[in-house]
Amino acid sequence: MRWSFLAESGIAEDTIAGFHCRFDNLLCSHERVFVVKRSGVREKFCRTGSVAHDWTASIQRHAQLDVFPQLAHQRFRFYFAVCCLHESGAKHGEIASPRREVPSRRSGMTAMQPGEQRDEVEMLSLMLLIRRFEERASQQYQAQKIGGFCHLYIGQEAVVTGAVAAVRDDDYIITAYRDHAHALARSTSANACMAELFGKATGCSRGLGGSMHFFDRNNHMYGGHAIVAAHVPLAVGMAFAIKYRGEDRVTLCFFCDGAINQGAFHEALNLAALYKLPIVFICENNLFAMGTSVKRSTSLKQIVDRAEGYDIPGEIVDGMNFREVRDKIAEIVDSIRKESHPAFLEVRTYRYRGHSMSDPASYRTKEELEKYRLDDPITRLRAQLTREGKLTNEQFDLLDKRAKETVLAAVKFAEKSPQLPIEKLFDYTYVDGGVAAGASPAKSDESAARTAAISKERR
């Protein structure tokens, strides 16, 4: 029987409707009815002109089936059947439902060709390194080997990993106080990061910054800033320098939704829009509020609206999806390199730990946390790569083992590293070295003489 006859007779449409019904029943049986409501799931069944691998993988991703290992066998049979259907259809002509309009495919990654993309297994390895580093940091903090504040990134790994996968190594990155992952993503060694947490001289900021002030100029990672939204104007200044020098670099500025209500944030956006600066404002927005666990779809939309109020284009992406973050940032960065302009990206994610180590996160329920753990960004990317034949379970276990070994070695390195000498404590308070407390009498006299000379010149 020819494919054209099937289409005209309505059998094809009935078949697709049958797929809908069976798919719904499958979800109901696993108490995941809510995922059917996610935008685009049903429509993707009608993409009969798409390559089978692409659209079936997309369906599974949006339906959150990747986190159910017990469904692996059913998924494989479904995937195999669809592939056969499309291979046969390619020979005889595509099936087109006479009463359904086939939606156009959204373009995927536009900024980088496949040969330029960073290896996804490598990026998964980076996500594992970040996760294991943060877990070990939590352990060392509880053992009182790390002092001060400590903010973890567990659950948000896909955001910064997707971002660095979409840009060049010479592009600028600046962030707020939750900065461990950003330093690791920018190739700062785990040894230097852990030593900084321990306050040791071998740390990436020589032990003077601690958890909230990671810094690595060689890898173009410019903080680590503790005051909410204070680094956003600095990011604008970096973007202005790029444009002033005529470079094709881009600045990525990460911050949380708490920065949106700060005046510095709005001043920065105003300047970025006025001078059309090459900067991407990336709001790492958690899907729960401190103190309350509520649905915030309306307030979340207002974040993008505020950016658009400055004539800065804004979009929302799934921060638990590495590929979606990477592709969208790559698309934006490609546009900026062609013609300088600012852009705003709200990345909706879910952090599995509290605001800081001192926050027990008692304001959210165990059921809410477990629901979002099913959408773990590492589990999702692992399932995608495994399904596509790019990763085996043995390879994943090896990557995880290496990440754990690297972090454990970093702890030992930090423990054995020397403390910063007391006489060095004030070296970076002022450009020319320490004054007053902590400085030797000779250095204090020299500094006082320089200060007096400068004052005399100003008169």
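**Figure 1. Strand β3 is mostly covered, with eight of its eight residues buried.** The model shown here and in the other views is predicted. Both faces of β3 are covered. On one side the buried residues are Ile279, Phe281, Cys283 and Asn285. On the other side they are Val280, Ile282, Glu284 and Asn286. Strand β2 runs parallel to β3, and six bridges join the two. Within this pair, Thr251 stands opposite Ile279 of β3.

**Figure 2. Five strands make up an open sheet with parallel pairing.** The strand order is β1-β2-β3-β5-β4. β1 (172-174) and β4 (314-318) are the edge strands, and each of them pairs on one side only. On average, neighbouring strands of the sheet are turned by 20° against each other, direction ignored. At the β1 edge, three bridges link β1 to β2 (residues 251-256) in the parallel sense. Ile173 stands opposite Leu252 of β2. Strands of a sheet pair through backbone hydrogen bonds, in either a parallel or an antiparallel way.

**Figure 3. Helices α10 and α13 lie across strands of the sheet.** Helix α10, residues 231-245, lies across β1, β2 and β3 (279-286). The angle between α10 and β2 is about 170°. Helix α13, residues 322-338, lies across β3, β4 and β5 (343-349). Relative to β4, α13 runs at about 155°.

**Figure 4. Helix α6 packs against helix α16 at an angle of about 40°.** The view takes in α6 (residues 120-142) and α16 (residues 393-416), whose axes are 9 Å apart. Because of this angle, α6 is oblique to α16. The crossing of α6 and α16 is right-handed. From α6, the contact uses Val121, Leu124, Ser125, Leu128, Leu129, Arg132, Phe133, Arg136 and Gln140. These meet Phe396, Leu399, Asp400, Ala403, Lys404, Thr406, Val407, Leu408, Val411 and Glu415 in α16. By residue type, the contact of α6 with α16 divides into 11 nonpolar, three polar and five charged. An α-helix has 3.6 residues a turn, so residues three or four places apart point the same way.

**Figure 5. Helices α6 and α13 cross at roughly 115°.** Their axes come within 12 Å. The angle is why α6 counts as roughly perpendicular to α13. This crossing of α6 and α13 is right-handed. Glu120, Met123 and Met127 of α6 make the contact with Phe322, Arg323 and Arg326 of α13. The residues of the contact of α6 with α13 comprise three nonpolar, no polar and three charged.

**Figure 6. Helix α7 is mostly covered, with 10 of its 10 residues buried.** The helix spans residues 157-166. Its buried residues are Glu157, Ala158, Val159, Val160, Thr161, Gly162, Ala163, Val164, Ala165 and Ala166. For the whole chain of 459 residues, buried residues make up 48%. The secondary structure of the chain comprises 17 helices and five strands. Of the contacts in the chain between residues at least 6 apart in sequence, 74% join residues at least 24 apart.

Terms used: Residues numbered from 1 in each chain as written. Predicted model: local features only at pLDDT ≥ 70, side-chain atom pairs only at ≥ 80, totals over all residues. Heavy atoms only, no water. Pairing = 2+ DSSP bridges. Helix = DSSP H or I, 4+ residues; strand = E, 2+ residues; numbered from the N terminus. Axes fitted to C-alpha atoms, helices over the stretch in contact; angles between N-to-C directions. Contact = heavy atoms within 4.5 Å. Parallel < 35°, antiparallel > 145°, perpendicular 65-115°, else oblique. Left-handed = near helix turned anticlockwise from the far one by under 90°. Nonpolar A, V, L, I, M, F, W, Y, C, P; charged D, E, K, R; others polar. Buried < 20%, exposed > 50% of the residue type's maximum accessible area, 1.4 Å probe, protein only.
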